[in-house]
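Reader: I'm new to reading protein models, and I'd love a close look at one part of this one. Could you walk me through a sheet and what lies around it?

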Amino acid sequence: MARKSALVLGLGISGCTAARMLADAGYQVTCFERECHIGGALFDEIRPNGIRINPRGPHILHTDNEEVFRFLKRFGAFYPYRHRVLATINNKTVPLPLNARSLEILFGEKQASSLLSRLTAHFPDQERIPVDLLMKSKDSKLIDLGRFIVENILTLHVNTKDGSSFSPLDDSYENDDMVDLGTDDCYYKDSFQAMPIQGFTSLLENMINHPAITAYYDTSPLSRISIHEESSSILLDGAPFKGPVIYTQPLDRLFGYKLGALPFRTTKITIRDLQTDFSNESAVIVMPKGSEYVRITESKHITLQDISGHTTLCMESPYSSVVNGWEDPFEPDLAEKNRKLYSQYLELAKNYPSLFLLGRLACYRNYSISESIEQAMQCIAAL
Ligand SMILES: Cc1cc2nc3c(=O)[nH]c(=O)nc-3n(C[C@H](O)[C@H](O)[C@H](O)COP(=O)(O)OP(=O)(O)OC[C@H]3O[C@@H](n4cnc5c(N)ncnc54)[C@H](O)[C@@H]3O)c2cc1C
């Protein structure tokens with residue numbers, strides 16, 4: 001029996017998951033990826049010194065969803081990994097999210113214990129408390145703690161030089177949890193935290209290695225597909241395509257930016273190879289205020305590679321805002337006006353019944369790896 005056909009546009013984790021699920025469900029899948037390699041934001045590569053890095057920022061698999069982890073393990077082996085992040089504040093180095101130990105180092109035993117009691121009293125059912133909740137609490141000491149975090153950690157990303165300044169507490173910014181009521185210094189809390197032994201690029205290559213999947217690289221999807229308003233259909237090389245079309249790139253591009261560009265924030269990552277065993281104390285160091293870089297990742301702490309005499313650092317500059325033409329979008333600028341613009345694009349997209357939007361760019365959301373996989377699984381299962 002002839003296989004049904006599907007198109008997948010973009011081969012990040014969202015597109016790769018969708019492609020594999022479609023192939024497993026009996027579809028013949030054609031994929032177009034604009035870059036010359038697979039992976040999107042998850043792409044990793046080996047430096048000349050042998051160290052694997054993720055040039056678009058560190059990526060750690062963390063999930064509470066066993067099905068997601070089981071799915072990924074079909075395509076490569078994983079090692080357990082607990083991610084640790086340190087921040088340097090007022091010349092003191094503390095674990096992030098701030099935990100009981102961080103509060104003690106920063107404020108002394110007495111004040112830390114008072115803050116912890118207040119936190120427990122205000123948030124009895126929460127292990128981790130986001131900054132915006134601290135700021136909204138009626139307790140002046142907790143509001144002060146929130147302000148301290150904003151000033152010393154969150155504002156580091158604000159780039160005042162390029163006019164992209166924003167308040168870390170405004171509606172354009174999604175806060176990570178920032179205070180942990182325990183002593184655990186792990187960055188994530190999820191039940192499964194792991195890294196692929198051969199890296200994410202290799203894992204994704206294995207994922208789409210299926211006789212029913214054909215992938216074209218260096219091929220902008222929009223050079224092959226277009227939307228046809230009159231017939232509410234998607235055209236492939238000018239002819240109507242009958243099957244599902246999975247789109248994972250920015251939605252404004254698909255519609256030729258006709259309503260305007262959806263803004264993202266991005267950053268510049270500078271890579272430096274050093275001839276030393278290790279340079280930093282942990283995988284990620286959040287730098288003190290006023291530093292040239294916001295965050296420094298030392299990959300060897302994550303890859304656990306046994307390479308002596310060499311290490312590699314990835315150093316992130318503060319965010320800058322970019323629209324239309326950016327290379328590596330970090331996160332959507334979720335200001336109210338941009339959410340509205342996205343909804344308008346979504347309304348346009350609804351006119352195309354065969355079009356399915358997946359992933360952080362097409363959905364203009366900050367999805368984790370796990371959430372991206374869950375979304376793709378649900379979408380394909382419902383076809
Ligand atoms: C710096 C950073 C660190 C992260 N760390 C983690 C982490 O530790 N753990 C975690 O679970 N999640 C993390 N995430 C989220 C994770 O990257 C995403 O959930 C996941 O990679 C989304 O995959 P995707 O396929 O939806 O999108 P992507 O992989 O971003 O890309 C999908 C497609 O869009 C294309 N594309 C990219 N840019 C453009 C452009 N400018 N124009 C047109 N097409 C474009 C890509 O080539 C690809 O084809 C992080 C994200 C960032 C930005």
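Author: Happy to! Let's start with an open sheet of six strands, whose order is β8-β7-β19-β20-β21-β18 and whose pairing is mixed. At the edges you will find β8 (92–96) and β18 (269–274); each has a single partner strand, so one side of each is left without a neighbour in the sheet. From one strand to the next, the twist averages 25°. Keep in mind as you look that this is a predicted model.

A word on pairing may help here. Strands of a sheet pair through backbone hydrogen bonds, and they do so either parallel or antiparallel.

Now go to the β8 edge. Strand β8 pairs with β7 in the antiparallel sense, over five bridges. To find one of the bridges by eye, look for A87, whose partner in β8 is V94. The two strands form a hairpin with two residues between them. In that turn sits N90, which has a positive phi of about 50°.

Further along the sheet, try β20 (residues 295–298) and β21 (residues 311–316). These strands also run antiparallel, and four bridges join them. A handy landmark is I296, which stands opposite M315 in β21.

Next, return to the hairpin and look for a helix. Helix α3 (residues 100–107) lies across β7 (85–89) and β8. Its direction is at about 160° to β8.

From α3, follow the chain on to another helix, α4 (residues 109–122). Two packed helices are described by the angle between their axes and the distance between the axes. For α4 and helix α6 (residues 140–152), the axes come within 10 Å and cross at roughly 105°. Angles of 65 to 115 degrees count as roughly perpendicular, so α4 is roughly perpendicular to α6.

Which residues meet where α4 and α6 touch? On the α4 side they are L115, R118, L119 and H122, and on the α6 side K141, L142 and L145. By class, the residues of this contact divide into four nonpolar, one polar and two charged.

Finally, let's place this in the whole protein. The domain assignment gives domain 1 as 4–38 + 208–261 + 332–381, and domain 2 as 85–185. Taken over C-alpha atoms, the centres of domain 1 and domain 2 are separated by 37 Å.

How values were computed. Residues numbered from 1 in each chain as written. Predicted model: local features only at pLDDT ≥ 70, side-chain atom pairs only at ≥ 80, totals over all residues. Axes fitted to C-alpha atoms, helices over the stretch in contact; angles between N-to-C directions. Parallel < 35°, antiparallel > 145°, perpendicular 65-115°, else oblique. Contact = placed C-beta atoms within 7 Å. Nonpolar A, V, L, I, M, F, W, Y, C, P; charged D, E, K, R; others polar. Pairing = 2+ DSSP bridges. Domains from an automatic or database assignment.
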